[in-house]
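Student: Could you take me through one part of this protein in detail? I would like a close look at a single helix and the loop that comes after it, with enough of the surroundings to place them.

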Amino acid sequence: MTQSTTERPHGGAQQATKYDRAMFRVMNDPAARPVFATAGRRRAVVGAHVALTGATLTCITLLYSRDDAWLIAPLAALLPLWMVATGVLNGGTRGLLELRTRMLDERQRADRDRAGAVAHRAATVLLAVAAGVFVLAEAVGADGLPGVPAVWVLVYALAMVWLMPLWVAGLQARDEPADEPEEAE
């Protein structure tokens, strides 16, 4: 007999707070499961989230560098979409990265650790490539990369390192097991 997925504190019932139980219910809401029920849908949400993140960061960069007030309008449209996509990804991973450790079972903790390790390796590779591009540009005589202040490279790198675990967890999430057919008597 398994415990209800809406009431499953794995670190002991006395440790689960009201907040823990509420977040667990939100992250495991059965009504939202069709949105991310298949790997293809989860990949589409991850792709949309990556695109929305890039568009939002680009809009912020342009707003800062050009000081054009009209860029607030697309930013005002992008941020809510980005937040919804983030929520869908968190739901698709069943709160893997948002829930406290005491609310996760052993399989979920292993999945979170695996997603973190893969995200760390991917972020390291991307940062090494970015560093290599700057070193190569310097070696060929460019004074850095024209028009790319280091602060923006750091902002984009920070966003990538921060969100990479969520993207990896969304790509690695497994499909829900099919309901067991009822045995005929």
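Tutor: Happy to. Let me set the scene with the whole chain: among contacts between residues at least 6 apart in sequence, 73% join residues at least 24 apart. This is a predicted model, and its secondary structure comes to five helices and zero strands. Read from the N terminus, the order of elements is therefore simply α-α-α-α-α. Of the 185 residues, 31% are buried. The accessible surface is about 11800 Å², and carbon and sulfur atoms account for 65% of that area.

Now to the part itself, helix 3. This helix covers residues 72-92, a run of 21 residues. At 1.5 Å a residue it should span 30 Å, and because its end C-alpha atoms are 30 Å apart, the model agrees with that expectation. Its buried residues are Leu 75, Leu 78, Trp 82, Ala 85, Thr 86, Val 88, Leu 89, Asn 90, Gly 91 and Gly 92. What lies over these buried residues includes helix 1 (18-27), helix 2 (39-66) and helix 5 (150-172).

One residue of helix 2 leads us straight back to helix 3. Arg 42 is found in helix 2, and Gly 92 is among the residues that Arg 42 touches. Setting aside residues up to four places away in sequence, the other contacts of Arg 42 are Phe 36, Ala 37, Gly 170, Ala 173, Arg 174 and Asp 175. With a relative accessible area of 4%, Arg 42 falls under the 20% cut-off and so counts as buried. Its side chain also has a polar partner: the side chain of Arg 42 reaches the backbone oxygen of Ala 173 at 2.9 Å.

Next comes the loop. Helix 3 is followed by Arg 94, which is found in the loop between helix 3 and helix 4. The backbone deserves a look here, as phi of Arg 94 is near 60°, a positive value in a residue other than glycine. Most residues other than glycine have a negative phi. Arg 94 has a relative accessibility of 15%, so this residue counts as buried too.

Further along that loop, before helix 4 (106-139), sits Leu 99. Leu 99 has a relative accessible area of 5%, and is therefore buried. Not counting residues up to four places away in sequence, Leu 99 touches Met 23, Phe 24, Met 27, Asn 28, Arg 94, Leu 104 and Arg 112. Notice that Arg 94, the residue with the positive phi, is one of those contacts. Met 27 is another: the C-alpha atoms of Leu 99 and Met 27 are separated by 8.2 Å, although the two residues lie 72 residues apart along the chain.

To round off the surroundings, have a look at a pocket elsewhere in the model. The second largest pocket has a volume of about 300 Å³. Its lining has 15 residues, of which Leu 126, Val 153, Tyr 156, Ala 157 and Met 160 are the closest to its centre. Helix 2, helix 4 and helix 5 are the elements that give two or more residues to this lining. Helix 5 gives the most, with seven residues. Two of these lining elements, helix 2 and helix 5, also belong to what covers the buried residues of helix 3, which brings us back to where we began.

Methods: Residues are numbered from 1 along each chain as its sequence is written. This is a predicted model: local features need pLDDT of at least 70, side-chain atom pairs count only at pLDDT 80 or more; totals for chains, interfaces and linings use all residues. Side-chain values use heavy atoms; hydrogens and water are left out. Helices (H or I, at least four residues) and strands (E, at least two) are DSSP runs, numbered from the N terminus. The expected span of a helix is 1.5 Å times one less than its number of residues. Buried means under 20% relative accessible area, exposed over 50%, partly exposed in between (1.4 Å probe, protein chains only). Contact means heavy atoms within 4.5 Å. Accessible areas come from the Shrake-Rupley method with a 1.4 Å probe; for residues, only the protein chains shown count as cover. A polar contact is a pair of N or O atoms within 3.5 Å; within protein, one must be able to donate a hydrogen and the other to accept it, and residues adjacent in sequence count only if both atoms are side-chain atoms. On a 1 Å grid over the protein atoms alone, a cavity is a set of points where a 1.4 Å probe fits but cannot get out, and a pocket is an open set with protein on both sides within 12 Å along at least five of seven lines; lining residues have an atom within 4 Å of a point. Grid points are joined across faces, edges and corners, and a volume is the space filled by probe spheres set on the points.
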